[in-house]
Amino acid sequence: MQPSYKYFAFISFQSADAREAARLQHTIESYRLPAVLCRQDNTLPRCIKPLYCYLNDMHAGEELMQELKLRMEQSRYLIVVCSPHSARSTYVNSGIDYFVSLGRRDSIIPVIVDGVPYSGNPETECFPEALRRHFPKHADPLQDHSILGINIHEPGVTRRKAYSRAMLMVVARMLHLDFDGLLLREKQRHRRRAILWTCLGVLTAAALCLTWYKAQTVDVALQLEEATPQNVSLPQAQDIRVSLYLEEEVKTDTLHSLVEPLLFRHIPPRFIGRQTRITLTADGYLPVDTIVVLQRQTTLSLLRDAERYGQVQFRLYGASHPERLTLYVADQPTHPDKEGIVRLTIPIANQRPAYPVRIGNQTDSIYMPCGESDIIVYNP
């Protein structure tokens, strides 16, 4: 493009074709020439703009014809939107005549949006009279000076594809490029874009699937089992308080027996297979505070507190020399100290919620758990 030209092209059309003209302007100005062509020839512009479209760009209060002439003088090419409407337009015809008078006859590019060129039928003729006059079609091929219009409607091709090819023809003619070569490069660019968008689509789908997977939750079943020897005489574990620590969140629930597992619902799957803290508290059992590798089925052991029902301690009241007495607690002999305090440890296998206490012929009971405040009165 020569420095003296302000516009790449002046788009001339009749108002009935304003929509097509605006679309043509937007398409060409939005087109970016393949970078490889610009590297091969640094005189080629990457973008073909601006284009002048007089109904879009006209300033209020300006005289139309004077403005048109000025803009045409500043434009390297004249793009004529050809249709039966423009063929009968005084503005379009006078614009073609003026552009030819500037010595730029070979810089006119007809773009056919409707009708048939050189049809001879006023109803279908799309080339303005001025265009046919400056580019006459003759029956004799040697005298035929007709101009080839670029048709946006190509038989056997989709409307979108035909329009795209027509715009490439306009670009090729304006920049003096080989259309077939430009079309090939455009196909290669579209292929690369398709591959890129496909890859982006796959990555996006993968990211969405990963996000969806992370958003899903699982249920974790926590099964508790008693690790100490079974003793049916003692109360079984119940109302077990369980806490599951998940980073900043703590899930707490109560398990009422060891028969059924405790189900923690809606656990993010990222915690499965990771080390997680779990705490357990139950009456008569040792507290548990442990780190486990969390699985969907997780088992933990409970140990009885051997002192809960096994550490017997009470005061024998009423004996003058209690240390001389022999007591039988659960048939196990023992002696109080001088203060009358009885201390005795019962093995887990023999533990009971209450123990019979026999002193000579006197029989009483001590209920667990007990301590120094528990008293058995001795009646000699």
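In strand β17 (residues 354–359), Arg358 is the bridge partner of Tyr328. Tyr328 belongs to the pairing of strand β14 (residues 327–329) with β17, in which two bridges join antiparallel strands; strands here are DSSP runs (E, at least two residues), helices are DSSP runs as well (H or I, at least four residues), and both are numbered from the N terminus. Two strands count as paired if DSSP finds at least two bridges between them. The model is predicted, so local features need pLDDT of at least 70 and side-chain atom pairs count only at pLDDT 80 or more, while totals for chains, interfaces and linings use all residues. Residues are numbered from 1 along each chain as its sequence is written, and side-chain values use heavy atoms, with hydrogens and water left out.

Strand β17 also pairs with strand β18 (residues 362–367), in the antiparallel sense and over six bridges. Here Ile359 stands opposite Gln362 in β18. Two residues lie between the strands of this hairpin, where Gly360 takes a positive phi near 60°. The side chains of β17 alternate along the strand: Tyr355, Val357 and Ile359 point to one face and are buried, whereas Ala354, Pro356 and Arg358 point to the other and are not. Buried means under 20% relative accessible area, exposed over 50%, and partly exposed in between (1.4 Å probe, protein chains only).

Strand β4 (residues 108–112) offers another pattern. Five of its five residues are buried, so β4 is largely enclosed by the rest of the structure. Ile108, Pro110 and Ile112 point one way and Ile109 and Val111 the other way, and all are buried. Strand β3 (residues 75–82) pairs with β4 in the parallel sense over five bridges, with Val80 opposite Pro110 in β4. Two bridges also join β4 to strand β5 (residues 150–151), again running parallel; in β5, Ile150 is the bridge partner of Val111.

Turning to the interior, the largest nonpolar core holds 58 residues, of which Ile11, Leu33, Ile48, Ile79, Ile96, Ile108 and Met174 touch the most other members. Such a core is a set of buried Ala, Val, Leu, Ile, Met, Phe, Trp, Tyr and Cys residues joined through side-chain atoms within 4.5 Å. Helix α8 (residues 159–175) gives the most to this core, with nine residues. Leaving aside neighbours within four places in sequence, Ile48 is in contact (heavy atoms within 4.5 Å) with Phe8, Ile28, Glu29, Tyr31, Val171, Met174 and Leu175. A second, separate core of 24 residues includes Leu244, Leu280, Tyr285 and Leu300.

Ile28 leads on to helix α1 (residues 18–30), where the buried residues are Glu20, Ala21, Leu24, Gln25 and Ile28. Seen down the axis of α1, these residues fall within an arc of 135° and so line one face of the helix; the arc is that of the directions from the helix axis to the C-beta atoms. On the other side of α1, Arg19 and His26 are exposed.

As for the cysteines, a search of the whole structure finds zero disulfides, a disulfide being a pair of cysteine sulfur atoms within 2.5 Å. For Cys53, which is in no disulfide, the nearest cysteine sulfur is that of Cys82, 14 Å away. Cys53 is buried, with a relative accessible area of 0%. Cys199 is likewise in no disulfide, and the sulfur of Cys209, its nearest, is 16 Å away. At 41% relative accessibility, Cys199 counts as partly exposed.
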